[in-house]
Amino acid sequence: MTEKILLVDTDPGVDDCAALMMLMSQVPKVKIVGITCAAGNVGLRDVTINTVRIVKLFDMLNEIPIFGGCSEPMVLLPKTKDAAFYHGRDGLGDAHDVFPERSESLLDHVQAEHGVDAILRLSKEYAGRLQLICLGALTNIAMAAKIDTDVPKRIKSVHILGGTIKGYGNATPCGEYNFYTDPEAAYTVFRMFPQHCKTEVVPYETTVAHGIRPDLLNKLMSVDSKRAQFFKAIFAAAKVYEDRKIDKGVSPGYCLCDAYVTAIVLNENAVTKSKSAKVAVEISGLLSRGSFIIDHKNKGSPFLSSEDVTIIEELDDAICEDLITKAFTEKR
Ligand SMILES: [Ca+2]
């Protein structure tokens, strides 16, 4: 019997690619009922093409439906920035020629149904069983919950990459990229889901503290396989930034942020330390828009989530390394 029923919302992104590889390498132990895309690291068209490439890498285009979702955050502000400086203009390191090669025709593999409609439908088809893995801005998830406020009641759990614990930001001085990209969506998700289903957050600092050991990832990327060649090519530009962070002692390894959300879903023992608190995302502020607010001392506010969410503080490196290794090596 299939153990886990998963829907992935994503914006690939090099680390999204690692996360999706980890998940696909575990099929049929897990069932991926859909991948929905939203603008995030780069625009919707690019992240959707990238998703098709990643699924094609595993030869699973006939098994995993891919949906295009929201192309804008819920409230679009001027001067919103993307993450092309890190992920490449196309979101996958601008490595167009490595198999599966980038092509506009890959969009033919995308379902006609909108990603938000897919979330609404799949939450009914798999009521009480569906786990949401959220690797990008939360626009699609929030929109689905706004259209049908019963969506959170039908979801088993939500697992989110986003926010900071100590205000160590990667998008603003104190804000993390995914929440900064669509603060209203993140605010909405924390207002609507925790009272109905388990809601977990992996904050940015946790991913930095548990970077994948360089010798391990370099070894995995040196294998003569399509997966290794693909990941090595798309990671090449980002690796320059990561190597610099490692040299400065900021992180012990390669920070594949989204991969850790996948890890805690695939193996709950990957979490070694967490805390529970009510939370919110700031939707205003001169410097703090998009910042993750954690009510550490339970001070209370009507703007916080009405129930606690679980904030992941530390991870089991051995479990994470095992799952990333299988992403590169597991036979299907
Ligand atoms: Ca992502």
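Trainee: Between which two elements of this predicted model does the loop that holds Asp59 run?

Mentor: Asp59 is placed in the loop that runs between α2 (44-57) and β3 (66-68).

Trainee: Why is Asp59 called exposed?

Mentor: The label rests on a count of C-beta atoms, and a residue is exposed if 12 or fewer others lie within 10 Å of its own. Asp59 has 12 C-beta neighbours inside 10 Å, and therefore counts as exposed.

Trainee: What makes the backbone of Asp59 worth a remark?

Mentor: Most residues other than glycine have a negative phi. Asp59 is not a glycine, and yet its phi is positive, at about 55°. Asn298 is another such case, a residue other than glycine with a positive phi near 55°, and its place is in the loop between β10 (292-294) and β11 (309-315). Set against the limit of 12 or fewer, the 9 other C-beta atoms within 10 Å of Asn298 make this residue exposed as well.

Trainee: Why does Pro252 count as partly exposed?

Mentor: Partly exposed is the class between 12 or fewer neighbours, which is exposed, and 20 or more, which is buried. Pro252 has 16 C-beta neighbours inside 10 Å, so it falls into that middle class. This proline lies in the loop between α11 (226-247) and α12 (257-266), and its C-alpha atom is 8.2 Å from that of Pro214, although the two residues are 38 apart along the chain.

Trainee: What can be said of α12, which follows that loop, and how do you know whether this helix is enclosed or open?

Mentor: The test is again the count of C-beta neighbours, with 20 or more needed for a residue to be buried. In α12, 10 of the 10 residues are buried, so the helix is largely enclosed by the rest of the structure. The buried residues include Asp258, Tyr260 and Thr262 as well as Val261 and Ala263. Val261 and Ala263, together with Met22, touch the most other members of the largest nonpolar core, which has 104 residues. Helix α1 (residues 14-24) supplies the largest share of this core, namely 9 residues. If residues up to four places away in sequence are left out, Val261 touches Ala19, Ile133, Leu135, His159, Ile160, Leu161 and Val202.

Trainee: What makes α5 a mostly covered helix?

Mentor: In α5 (residues 139-147), 7 of the 9 residues are buried, among them Asn140, Ile141 and Met143. The elements that cover these buried residues include β1, β2, α4 (115-125), β5 (130-134), α6 (151-154) and α8 (183-192).

Trainee: Why are α1 and α11 described by their relative direction as they are?

Mentor: Their axes come within 10 Å and cross at roughly 155°. Angles over 145 degrees count as roughly antiparallel, and α1 and α11 are therefore roughly antiparallel to each other. The crossing is left-handed, and in it Val14, Cys17 and Met21 of α1 meet Arg227, Phe231, Ile234, Phe235 and Ala238 of α11.

Trainee: How do you know which term applies to α1 and α13?

Mentor: The two helices, with α13 covering residues 317-329, pack at an angle of about 80° with their axes 8 Å apart. Since angles of 65 to 115 degrees count as roughly perpendicular, that is the term for α1 and α13. Ala18, Met21 and Met22 of α1 make this contact with Leu323, Ile324 and Ala327 of α13.

Trainee: Which peptide bonds on either side of α1 deserve attention?

Mentor: Most peptide bonds are trans. The bond joining Pro12 and Gly13, however, is cis with omega at about -10°, and Gly13 lies in the loop between β1 (4-10) and α1. The bond from Val27 to Pro28 is also cis, with omega near 10°, and Pro28 lies in the loop between α1 and β2 (30-37).

Trainee: Why is the whole chain, with its 13 helices and 11 strands, described as it is for compactness?

Mentor: The radius of gyration is 18 Å, which is close to the 20 Å that the globule rule gives for 332 residues, so the chain is as compact as a globular protein of that length. Buried residues make up 50% of the 332 residues. Among contacts with a separation of 6 or more, 84% join residues 24 or more positions apart.

Definitions and conventions: Residues numbered from 1 in each chain as written. Predicted model: local features only at pLDDT ≥ 70, side-chain atom pairs only at ≥ 80, totals over all residues. Core = buried A, V, L, I, M, F, W, Y, C linked by C-beta atoms within 7 Å. Helix = DSSP H or I, 4+ residues; strand = E, 2+ residues; numbered from the N terminus. Contact = placed C-beta atoms within 7 Å. Rg over C-alpha atoms; globule rule 2.2 N^0.38 Å. Axes fitted to C-alpha atoms, helices over the stretch in contact; angles between N-to-C directions. Parallel < 35°, antiparallel > 145°, perpendicular 65-115°, else oblique. Left-handed = near helix turned anticlockwise from the far one by under 90°.
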